[in-house]
Amino acid sequence: MTALPLAPPRRAFFFRQHSVLPGFSLALGYSVLYLALIVLIPLAAVFLKSTELGWAGFWHATTQPRVLASFKLSFGASLIAAAINVVFGLIFAWVLVRYRFPGRRIMDALIDLPFALPTAVAGIALATLYANNGWIGSILAPLGIEVAYTPVGVLVALIFIGLPFVVRTVQPVLEDLEAEVEEAAACLGANRWQTFRKVIVPYLTPALLTGFAMAFARAVGEYGSVIFIAGNMPMVSEIMPLMIITKLEQYDYAGATAIAVVMLVVAFVLLLLVNLLQAWTQRAHQRN
Amino acid sequence: MSITVSQINKRFGSFAALDDVSLEFPSGELVALLGPSGCGKTTLLRIIAGLEQADSGDVSLDGVDAAGMHVRERAVGFVFQHYALFRHMSVFDNVAFGLRVKNRDQRPSETEIRRKVTDLLTLVQLDWLADRYPSQLSGGQRQRIALARALAVEPKVLLLDEPFGALDAKVRKELRRWLRQLHDELHITSIFVTHDQEEALEVADRVVLMDHGRIEQIGTPDEVYDHPASPFVYGFLGSVNLFHGRVDGQSLRVGEHAIDLPSHDLANDAAAVGYVRPHELQLLPDDGKTQGGLPARVLRITSSGALASVELSRGEGEGEHLEVTVFRDTLRQLGVKEGDRVRLKPQRVQVFSAESAAPLLAA
């Protein structure tokens, strides 16, 4: 009796794979509904509203020099801020995970403050500190460095609000990396730099990319903390969210949504790229 | 390379991990550091590797003081209990790591590295896994890769920290035979830490027994098993039956019975404890004709394979429990069953004073 029933079992509908965990359809249905209500429908409304302009109107609204300058500033400053946060967030996470020192818990708690603080408060504080007569600004001004009311100020605010994202994504992964792995590298003759570059960084790369993506996403949409320190000079230090607000104040709702649509699409594409990069780096050591 | 440690002290807070430890590891030997957890064996290994600093004392490698030497310069291969493989690297890259981080002037060419790594993977019999990642390997395979990785840099000493501790019993048994064979081929000075006495006795040329940060005994597996230097060693190297009594010339009085003793240096009438291994107690049926020995009652007989383990109780009811190991055939010939009365004759006894045995009994 070697003849086996050869007809493969009819492949069930993709979503109906058997699982011992009950409630899959209920949970998935709920998730989709929730996503639709909270995210998709409002975003779709943005897209829909922008179509009122027609192609020509849309093009006109989004290619004015002032708008283009704000695109450049917003995405440029957000990318730079996220990159800076990756470097310093890694150092922060490293210090918190690897060393025990008095005040560590307080430092750990302080990291989350940019999450909790009303962004306007942060913006005003930063603007006051970095203004030419502020505590830090007065030190920098004689050196010819102006921070407040320039694109650099925008960068400072975006770094401030993005830091927790990197620290909080890297920290648990770093905690998971046993000190033994570093000891093994040392026993094999690697110096600190080689251990860092060849062992620690590759291991942390997926988490660093996640942190980067989150810090970037947050920075692109940030409004409150930036407008106070930015000075909001047309063509120089106006960010996209501000452009949208400006349009809204002029009752140009369609124009505002047109800018929002561009912002959404570019942000989505960039985040998608980061996620792909992350999936690619993760594949190496998560293959099972 | 020979290793000498002298007068090493190491404390963690108020806990003395190592207390004035001096030891010599001759070149080419496979030595086991054996002891219960917290006895300081791993700490000693890590101090030799340079992963930990001793509070005082010296380590010298081949007669050269290692105090100022960094881990990198000590030329030790270290194998960790949980493998510590680089998860984001393939098996090949893991093994090649030590070669690739060498200074440019000492670094072999990529073809040379390829040849060497392939040789090592063949040595650990895992050349077919070169392209896999650690997460795709079993525990035993991971540990063999870790060993190949450690050997890649041609260390003069191999230090293994509970290398088989995280593996299941069958794999552990296979791997320790394999480690022994590998050592016989390479003759590299090796120290391995274990809390498993069977593993230490089976694999090592010499066994160093440690307890509470001190060395209890050093010797070949036969020496430490046959002539334990202290009650601790006796108890740690396998099960043991204890007979409490008083010394009376060349015998030990246990109640109204007596056990013959070998030569000893205990005073007459001193409180003492006789140590007898389960297989060194002769079991005889109590048919009225048997002379001498201690009376006991069989509680339970459990057999596994060729051997049977007989649980006995001395005196009536819940007396002291004893254990005897005999061949099942012997037991069948004697016709001893559960509930029977028997007499026990120790074939070999070692006696220690009651004070020296006390800390062990309290534990």
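A residue is termed buried when its relative accessible area is under 20%. By this criterion, in the predicted model described here, the buried residues of helix α2 of chain B are B:Val91, B:Phe92, B:Asn94, B:Val95, B:Ala96, B:Phe97, B:Gly98 and B:Leu99. The helix comprises residues 91-100, and with 8 of its 10 residues buried it is mostly covered. Both chains contribute to this cover: among the elements that lie over the buried residues of α2(B) are α9 (179-187) and α10 of chain A, as well as α3 (110-123) and α4 (139-152) of chain B.

Chain A contains 13 helices and 0 strands, and its pattern along the sequence is accordingly written α-α-α-α-α-α-α-α-α-α-α-α-α. For its 288 residues the globule rule gives a radius of gyration of 19 Å, whereas the value for chain A is 24 Å; the chain is therefore more spread out than a compact globule. Taken along the principal axes, the box filled by the C-alpha atoms of chain A is roughly 90 × 60 × 30 Å. Of the 288 residues of this chain, 40% are buried. Among contacts in chain A with a separation of 6 or more, 74% are accounted for by residues 24 or more positions apart. The accessible surface of chain A amounts to about 16800 Å², and 72% of this area belongs to carbon and sulfur atoms. The chain carries 18 positive and 14 negative side chains, with the centres of the two sets 9 Å apart.

Chain B, by contrast, has 10 helices and 20 strands. Its C-alpha trace spans about 85 × 45 × 35 Å along the principal axes. Buried residues constitute 48% of the 363 residues of chain B. Where contacts in this chain have a separation of 6 or more, residues 24 or more positions apart supply 65% of them. Chain B exposes about 16600 Å², of which 47% is supplied by carbon and sulfur atoms. Its charges number 41 positive and 51 negative, and the mean positions of these two groups are 6 Å apart.

The interior was next examined through its nonpolar cores. In soluble globular proteins, nonpolar side chains tend to be buried together. The largest nonpolar core in the model has 83 residues, and the members that touch the most others are B:Leu33, B:Leu44, B:Phe97 and B:Leu159. The largest share of this core comes from helix α10 (residues 192-221) of chain A, which provides 12 residues. A second core, separate from the largest one, consists of 48 residues, including B:Leu121, B:Ala152, B:Leu201 and B:Val233.

Two members of the largest core can be placed in more detail. B:Phe97 is also one of the buried residues of α2(B). For B:Leu159, when neighbours within four places in sequence are set aside, the contacts are B:Leu45, B:Ile48, B:Ala49, B:Val76, B:Gly77, B:Phe78, B:Val79 and B:Ile191.

A further position considered in chain B was B:Thr43, which is found in helix α1 (residues 41-49). The relative accessibility of B:Thr43 is 12%, and the residue therefore counts as buried, the limit being 20%. Beyond its neighbours within four places in sequence, B:Thr43 is in contact with B:Lys10, B:Phe12, B:Ala17 and B:Leu18.

Key. Residues are numbered from 1 along each chain as its sequence is written. Chains are lettered from A and ligands numbered from 1 in the order in which they are written. This is a predicted model: local features need pLDDT of at least 70, side-chain atom pairs count only at pLDDT 80 or more; totals for chains, interfaces and linings use all residues. Side-chain values use heavy atoms; hydrogens and water are left out. A nonpolar core is a set of buried Ala, Val, Leu, Ile, Met, Phe, Trp, Tyr and Cys residues joined through side-chain atoms within 4.5 Å. Buried means under 20% relative accessible area, exposed over 50%, partly exposed in between (1.4 Å probe, protein chains only). Helices (H or I, at least four residues) and strands (E, at least two) are DSSP runs, numbered from the N terminus. Contact means heavy atoms within 4.5 Å. The radius of gyration is taken over C-alpha atoms; the globule rule is 2.2 Å times the number of residues to the power 0.38. Accessible areas come from the Shrake-Rupley method with a 1.4 Å probe; for residues, only the protein chains shown count as cover. Lys and Arg count as positive and Asp and Glu as negative; His and the chain ends are not counted. The place of a charge is taken as NZ of Lys, CZ of Arg, CG of Asp or CD of Glu.
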